[in-house]
Structures are given as C-alpha cells and as structure tokens.
Amino acid sequence: MTMKKQMSKEGEMRFAAEFLRKGWQIFLPYGEDGPIDLLIEKDGVFKRIQVKSTSPIKGAIHCRVKSSNNWQVKKYTKKEIDYFGIYDYVNKKGYLIPIEDMEGMTEPIIRLDKAKNNQTKRVRLAEQYCYF
C-alpha cells in the first residue's frame, strides 16, 4: 500500500472512531468507486461522509475536494454527500465541513491561523469546523 493510500485510510479510520465515540453507528461502503467513505447513523438520521487526508501548508489546509482518474475530474455534490471529513495527518485533527460550504469548488482552503494581512472576507477558519 502506498504512503498516500495509508494516510487516506488513517483519515477514514480516525473519523470512524470519532463518530463511534460520539454515538453514531458506522457503515462502510464496499469498494472504492462510490462518492462516500463513511455512512453514519444516529436516531434514524443518516449522513454521508467523504474523507480527504492532507497536511497543512503555510498555516492552511488545502482541501482537494474532487475525485479524479485518467479520464475525468469529478466534483462532489449535495446529492451524493453531506459532509467532507478533512483529516490533517500531521496534527492528527479532523474537520467536518458541510458540503454546502464547499460545493462546486475543487480546492478550497481552511486556515489554521489568521491571515498575516488580517484578511477575513472569504476566509474559512479551521477552528469553526474542528470535529476532533
């Protein structure tokens, strides 16, 4: 298994463990071709999660919220998923971001630190999405 694939699986398992800890039931889809990595349920409410693993660059997490292969690039929609689970494997933190906050984007950024120029407009701070 490649290092990238290992980090991806670590992110999925960290989110699964955290959802379990918080009382959710976990369902794992079979195969790798579907849009979701985890299906969770609590009190009859189901949520579809797409997990991405990454590392911070200069105080920010660049979230590649698309899927691609040799033939196409696919953007996720709210018809397919409810949340992105973004796993920062350097700091071992997970961010849960509603699809509505990222739909249509291919690489949004969430900032771990405030911008050095104090810009706040259109800046997403990671702390507002921190799940664990």
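A nonpolar core is a set of buried Ala, Val, Leu, Ile, Met, Phe, Trp, Tyr and Cys residues joined through side-chain atoms within 4.5 Å. Buried means under 20% relative accessible area, exposed over 50%, and partly exposed in between (1.4 Å probe, protein chains only).

The model is predicted: local features need pLDDT of at least 70, side-chain atom pairs count only at pLDDT 80 or more, and totals for chains, interfaces and linings use all residues. Residues are numbered from 1 along each chain as its sequence is written, and side-chain values use heavy atoms, with hydrogens and water left out.

**Exercise 1. Confidence**

Find the strands with the lowest and the highest mean pLDDT among the elements of the chain.

Solution.
- Recall the scale: pLDDT is the predictor's confidence in each residue, from 0 to 100.
- Take the chain: its mean pLDDT is 88, and 91% of its residues reach 70 or more.
- Fix the elements: helices (H or I, at least four residues) and strands (E, at least two) are DSSP runs, numbered from the N terminus.
- Compare: strand β5 (residues 66-68) has the lowest mean, 66, and strand β2 (residues 38-42) the highest, 98.

**Exercise 2. The largest core**

State which residues touch the most other members of the largest nonpolar core.

Solution.
- The core has 15 residues; C63, F84, I86, Y95, M102 and I110 touch the most other members.
- Two or more residues come from each of β7 (83-88) and β8 (93-98).
- Another core lies apart from this one; its twelve residues include F19, W24, Y131 and F132.
- Now list contacts (heavy atoms within 4.5 Å). Beyond four places in sequence, Y95 touches F15, I61, F84, G85, I86, D88, I110, L112, A126, Y129, C130 and Y131.

**Exercise 3. Cysteines**

Explain why C63 and C130 form no bond.

Solution.
- Apply the cut-off: a disulfide is a pair of cysteine sulfur atoms within 2.5 Å.
- The closest cysteine sulfur to that of C63 is in C130, 13 Å away, so it is too far for a bond.
- The structure holds zero disulfides.
- Check the surroundings: C63 is buried at 1% relative accessible area, whereas C130 is partly exposed at 37%.

**Exercise 4. A three-stranded sheet**

Give the strand order and name the edges of the open sheet of three strands.

Solution.
- Two strands pair if DSSP finds at least two bridges between them.
- The order is β4-β9-β10, with mixed pairing.
- The edges are β4 (60-62) and β10 (124-125), each pairing on one side only.
- β4 and β9 (residues 109-111) run antiparallel over three bridges. H62 has I109 of β9 as its bridge partner.

**Exercise 5. Aromatic pairs**

Classify the ring pairs F15-F19 and F27-F46.

Solution.
- Rings of Phe, Tyr and Trp (its six-membered ring) pair if their centres lie within 6.5 Å; planes under 30 degrees apart count as stacked, over 60 as edge-to-face and the rest as tilted.
- The count by this rule is six aromatic pairs.
- F15 and F19 have ring centres 6.0 Å apart and planes at 35°, so they are tilted.
- They sit four residues apart in helix α1 (residues 3-21), about one helical turn. F15 is buried at 0%, and F19 at 1%.
- F27 and F46 have centres 6.3 Å apart and planes at 40°, so this pair is tilted.
- F27 lies in β1 (residues 25-27) and F46 in β3, so the pair ties together parts 19 residues apart in sequence. F27 is partly exposed at 38%, as is F46 at 48%.
- Ring pairs also link F15, F19, Y87, Y131 and F132 into a cluster.
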